[in-house]
Amino acid sequence: MPKRTDIHSVLIIGAGPIIIGQACEFDYSGTQACKALKEEGFRVILVNSNPATIMTDPEFADRTYLEPITPECVEKIIVRELAELRRLGVPANEPNGADRPHKLVLLPTLGGQTALNTAMALGRSGVLERHGVEMIGANAAAIERGEDRLVFKELMLSIGLDVPISGVAHTLEESRAIAERIGRFPLIIRPAFTLGGTGGGIAYNREEFEELAKRGLDLSPVSEILIEESLLGWKEFEMEVMRDKADNCVIICSIENFDPMGVHTGDSITVAPIQTLTDKEYQIMRDASFAVIRAVGVETGGSNIQFAVDPATGRMVIIEMNPRVSRSSALASKATGFPIAKIAAKLAVGYLLDEIRNDITRETPASFEPTIDYVVVKVPRFAFEKFPQADPTLNTQMKSVGEAMAIGRTFKESLQKCLRSLEIGRSGLGGDGKPWRVGTEVYGDRDRLPREVISRKLTVPNADRIFFIRHALRAGMSVREIHGLTKIDPWFLTQIEEIVQFEDELAATKA
Amino acid sequence: MNLERLTKAKALGFSDRQIAHLTGLTEAAVQAERRRLGLEPSYRLVDTCAAEFEAYTPYYYSTYDRGDDEVNVSERRKVMILGGGPNRIGQGIEFDYCCVHAAFALREDGFETLMVNSNPETVSTDYDTSDRLFFEPLTLEDVLHIYQRERCWGAIAQFGGQTPLNLALGLQQHGVNIIGTSPQSIEIAEDRKLFAALLRKLGIPQPPNGVATNEIEALAIARGLGYPILVRPSFVLGGRAMQIVYADAELTHYMRFAVEASPERPVLVDKFLEDATEVDVDCISDVGSFDRPDQGHSVIGGILEHIEFAGVHSGDAAMVLPPHTLAESVLDTIRTYTHAMARELRIVGLMNVQYAVKGERVYCLEVNPRASRTVPFVSKAIGVPLAKLAARVMAGRTLGELGFTAEVRTRYWAVKESVFPFNRFHGQDILLSPEMRSTGEVMGIDADLGLAYAKSQMAAGSPLPLRGRVFFSVNDQDKPQVAAVARLFVELGFELVATGGTADVLEAAGLTVQRVFKLLEGRPHAVDLLKNRDLQLVVNTPSGAVPRADEVKIRTTAVYTATPIMTTLSGARAAALGIAALRRNDYAVQTIQEFHQEG
């Protein structure tokens with residue numbers, strides 16, 4: 001199936017300003033989409049209020065609106081552009097203009113949650129229908145199925161996949177009833193339709209629960225929160241999937257979170273490909289990913305699907321899916337070399353995966369699943385020093401402002417490369433001569449820290465936890481003990497142990 | 001050190017610096033030892049297929065784990081572009097924008113471009129942005145390996161923010177050709193003493209200042225200057241630990257707990273100019289490429305006037321291009337000073353200057369001989385790709401050849417507004433300060449200044465209300481001006497709500513005010529009204545250095561209830577202007593291509 005011939009212009013919605021949870025990865029995806037669609041000969045119209053982006057450079061789109069991304073404003077743009085097309089002699093969005101390119105369509109899946117929410121609002125208010133504007137890349141029904149937590153969970157159960165026990169509440173009373181039903185703390189609270197989980201959190205007691213439920217209901221644009229059984233300590237995984245109109249599905253990249261469930265993926269150290277599953281377990285997850293994208297009905301484009309696995313029982317549950325290009329897509333693209341956003345844009349205008357050539361090999365089509373012979377590590381970058389009054393504990397609400405990625409042949413090599421990429425003054429995991437600050441205490445680089453300090457830093461997820469694994473090992477804690485405190489998979493801890501042991505070996509050569 | 005041990009250390013990812021510290025050698029000695037043993041990283045491809053098929057896109061990473069190497073070095077003239085590393089507050093997408101432009105421009109000019117960066121969220125790390133992509137840490141060790149192995153002709157360090165700039169001198173000492181403005185000029189701009197000498201020579205005023213390496217020195221300087229003062233560590237971006245200090249006790253606390261001052265990393269102490277208007281200037285120059293400094297050009301890209309008064313970090317301040325309140329004579333002084341500094345520093349590429357204007361007097365606050373955060377904004381506003389031009393100038397072209405020799409003066413307005421992550425950090429006060437805390441920015445562009453401002457607020461997610469109630473609570477310094485600003489809102493049909501002191505002032509000026517309780521006085525108080533969505537706009541200015549707890553509560557509640565809030569009177573004035581414009585006529589949209597065409 002070649003590209004569609006009825007489309008004349010594509011309106012792309014960008015992500016707007018950089019905020020926590022929606023950073024420059026959407027400049028990357030929007031820029032790729034603009035380039036890909038221009039290459040295909042479409043007229044590209046772009047709206048994005050963020051002047052610091054590459055995609056808003058005048059040459060990346062034919063028409064660039066540096067205007068607010070609000071439903072009202074995007075409608076003004078649609079009206080203006082339809083008039084412009086008619087002025088150019090194109091029978092814009094008229095039912096009988098079919099023998100040549102004449103449609104103005106909307107591509108909302110490359111500008112993060114902002115673009116998706118704006119497009120959905122335009123759909124709900126009837127604006128798209130009124131102007132005959134079709135949404136490409138994802139249909140409204142699929143987006144709703146993916147984003148509405150209740151609908152999504154029921155859909156998952158209906159195809160035989162497992163999900164966390166939970167309930168959806170619209171009032172405080174409903175929230176309390178659900179908490180009763182689940183019957184044990186901690187409980188996870190996630191507001192619906194907020195960015196990067198804004199307003200979510202973990203409640204360990206009744207008081208915290210009331211507070212978080214209230215805030216979540218407040219912040220959700222539809223006053224809806226999801227209350228969920230806690231999966232704290234479970235292992236967390238992500239799959240980047242793409243699908244085309246002929247139902248071809250590929251996994252672009254599998255990602256394992258070093259930090260177990262309870263820390264937002266954006267705040268977790270992540271590793272690609274998955275390191276601690278057997279091939280059989282991985283294949284089960286791969287099959288489940290395809291089942292999810294099909295059931296949700298994302299016909300063309302990429303999705304990100306998150307899984308949790310109970311290390312004790314092996315029970316695998318689906319956490320959520322993003323029916324669009326996400327932050328993880330950027331990471332997956334850079335980790336594999338596979339340009340997800342560009343391919344997503346091409347799928348949206350009608351191509352199939354096997355019709356799109358892989359630029360890197362020039363031989364294989366995009367329907368080949370990438371294979372990687374190295375290990376990629378991503379470590380988030382935080383800015384708590386700027387917000388001294390705020391709580392630096394990591395939880396389900398994303399707090400990091402950026403990330404570094406590194407590639408190496410082993411997890412150990414990649415991890416140390418990544419830590420020295422972070423721009424926090426460290427040259428690796430430790431042993432670089434820099435002192436360590438813990439509160440008001442200052443310790444030497446090779447000092448053994450008090451166990452109670454270490455335990456505290458291991459138990460509660462925080463920005464420096466990775467370094468405290470080194471301190472713990474140096475203080476004589478075993479991998480088993482550290483696993484008990486952090487629930488981080490022993491495989492990762494053993495790798496770090498190798499680094500720490502060799503650090504001692506090197507130090508022993510000191511004259 | 002034996003080969004086996006060193007090989008294993010490198011394979012485990014240890015940097016030369018770690019090895020040096022652990023073994024008691026110097027970094028240089030470790031490097032020399034590795035060289036002697038022939039222990040260099042190999043570069044392997046990210047190719048989607050685990051080397052099953054041939055790869056055509058040179059996207060590399062380094063490893064010590066295997067000996068074989070997949071780089072074939074070409075003989076073309078190569079320029080390395082150093083990226084900015086992970087995003088953080090103070091160093092974000094703006095610098096990625098500049099790096100990408102450098103890659104595009106130099107490729108057009110026939111160079112082979114190499115990008116080095118470690119941030120996966122960026123366009124610069126797309127494999128088709130540069131000719132060769134190295135996904136690597138931005139450290140001296142990692143960058144030097146690539147530079148030497150690829151036999152580069154030059155490297156660009158002034159586009160990726162502070163990260164590559166911090167590497168520039170070290171790279172130069174290892175024989176790297178840092179193109180553009182020389183690292184020596186960069187040093188003059190960053191070293192307080194050299195910089196002060198430069199300004200004296202050019203006759204440009206600077207706020208009185210000093211440099212302190214410890215608490216006693218800082219207190220002595222403060223006494224000499226008189227409070228308030230502005231303190232900050234040297235060599236940082238984003239105003240990290242930058243603060244306005246009003247008294248000795250505060251200064252002592254700052255020196256003890258906020259910074260680690262030392263002779264190598266002194267603390268800069270400036271007299272703080274209260275109520276001054278701050279201005280940012282981005283400029284491009286090729287004078288350093290000529291033998292004589294009077295040859296060549298320096299061209300101003302844009303002059304941006306801050307909406308908030310001095311003391312708010314330029315990365316956080318709202319800005320207007322072109323300036324909306326400054327006299328033409330002041331702008332001419334700014335132009336003269338900027339050109340003089342570009343010539344004196346022999347700038348090749350970009351330069352950013354920050355000024356404070358008090359009356360007719362223009363003070364230079366700082367000069368950054370590099371791409372600044374505002375370069376993309378200015379480029380979009382004026383329709384000239386400054387970063388691209390700068391990269392070409394750095395690689396040897398002149399502005400004359402490139403046809404950019406005159407300042408662009410727009411007839412429309414572009415407003416930059418910042419976006420903050422306060423809703424993520426509960427309990428954190430939202431006041432703007434010299435420490436940058438915004439994560440992003442938006443642009444509002446329109447032929448009408450009020451509409452441009454209104455659009456910027458809409459884009460930033462806090463659209464201006466067209467009617468309703470405005471809550472005022474301002475500090476004593478702002479009280480003389482508050483009635484005039486409140487009157488603007490009354491004329492637009494808003495009702496006023498205020499607490500004690502502010503209400504007194506407004507009533508004395510003949511305005512009708514609904515009084516509400518302060519937090520501790522009784523209920524309903526201001527926070528109740530906010531939670532009930534009874535207030536549509538909040539104007540709340542801070543009362544001195546340590547804000548009162550009830551103010552903080554009002555401001556944070558405004559954030560959680562998504563009520564637009566202005567923490568400066570100048571911001572409130574701009575809001576009134578925006579509301580007036582929106583009420584006069586609805587806003588229209590227009591492409592930047594059209595704006596640029598119309599000029």
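At 28% relative accessibility, B:Asp128 counts as partly exposed, a class that lies between buried (under 20% relative accessible area) and exposed (over 50%), judged with a 1.4 Å probe and the protein chains only. The model is a predicted one, in which local features need pLDDT of at least 70 and side-chain atom pairs count only at pLDDT 80 or more, while totals for chains, interfaces and linings use all residues. Residues are numbered from 1 along each chain as its sequence is written, chains are lettered from A and ligands numbered from 1 in the order in which they are written, and side-chain values use heavy atoms, with hydrogens and water left out.

B:Asp128 makes a good starting place, since its side chain meets that of A:Lys35 in a salt bridge with an N to O distance of 3.5 Å; the term stands for a side-chain nitrogen of Lys or Arg within 4 Å of a carboxyl oxygen of Asp or Glu. This pair crosses between chains, running from helix H1 (residues 25–39) of chain A, where A:Lys35 sits, to the loop between strand S4 (112–117) and strand S5 (132–135) of chain B, where B:Asp128 sits. Helices here are DSSP runs of H or I with at least four residues, strands are runs of E with at least two, and both are numbered from the N terminus. A:Lys35, at 24% relative accessibility, is likewise partly exposed.

A further salt bridge, at 3.6 Å from N to O, is formed by the side chains of B:Glu594 and A:Arg63. Because B:Glu594 belongs to helix H21 (residues 592–598) of chain B and A:Arg63 to strand S3 (residues 63–65) of chain A, this pair also joins two chains. Both B:Glu594 and A:Arg63 are buried.

Within chain B, the salt bridge between B:Glu33 and B:Arg36 has its closest N and O atoms 2.9 Å apart. Both residues lie in helix H3 (residues 27–37) of chain B, 3 residues apart, which is about one turn of the helix. Their surroundings can be told apart by accessibility: B:Glu33 counts as buried at 17%, whereas B:Arg36 counts as exposed at 59%. Salt bridges can also share partners, and in chain A such sharing links A:Arg426, A:Asp432, A:Asp445, A:Arg446, A:Arg470, A:Arg474, A:Glu503 and A:Asp504 into one network. Over all chains, a search of the whole structure finds 87 salt bridges.

Chain B as a whole contains 21 helices and 22 strands. Its radius of gyration, taken over C-alpha atoms, is 26 Å, close to the 25 Å that the globule rule (2.2 Å times the number of residues to the power 0.38) gives for 599 residues, so chain B is as compact as a globular protein of that length. Its C-alpha trace spans about 85 × 55 × 55 Å along the principal axes, and 63% of the 599 residues count as buried. Among contacts (heavy atoms within 4.5 Å) between residues at least 6 apart in the sequence of chain B, 67% join residues at least 24 apart.

Helix H2 (residues 16–23) of chain B shows how such burial arises locally, for 6 of its 8 residues are buried, including B:Ile19, B:Ala20 and B:Leu22. What covers the buried residues includes helix H12 (411–421) and helix H16 (490–508) of chain A, together with helix H1 (3–11), H3 and helix H5 (140–150) of chain B. In the loop between H1 and H2 of chain B stands B:Ser15, which is buried with a relative accessible area of 3%. Leaving aside residues up to four places away in sequence, B:Ser15 touches A:Arg420, A:Ser427, B:Lys10 and B:Glu141.

Some details of the backbone remain. Most residues other than glycine have a negative phi, and most peptide bonds are trans. The bond from A:Ala272 to A:Pro273, however, is cis, with omega near -10°, and a cis bond with omega of about -5° joins B:Leu321 and B:Pro322. B:Pro322 is found in the loop between strand S13 (319–321) and helix H11 (328–344) of chain B. A positive phi, near 60°, occurs at B:Asp275, an exposed residue at 59% relative accessibility, and another, near 50°, at B:Arg346, which is partly exposed at 27%.
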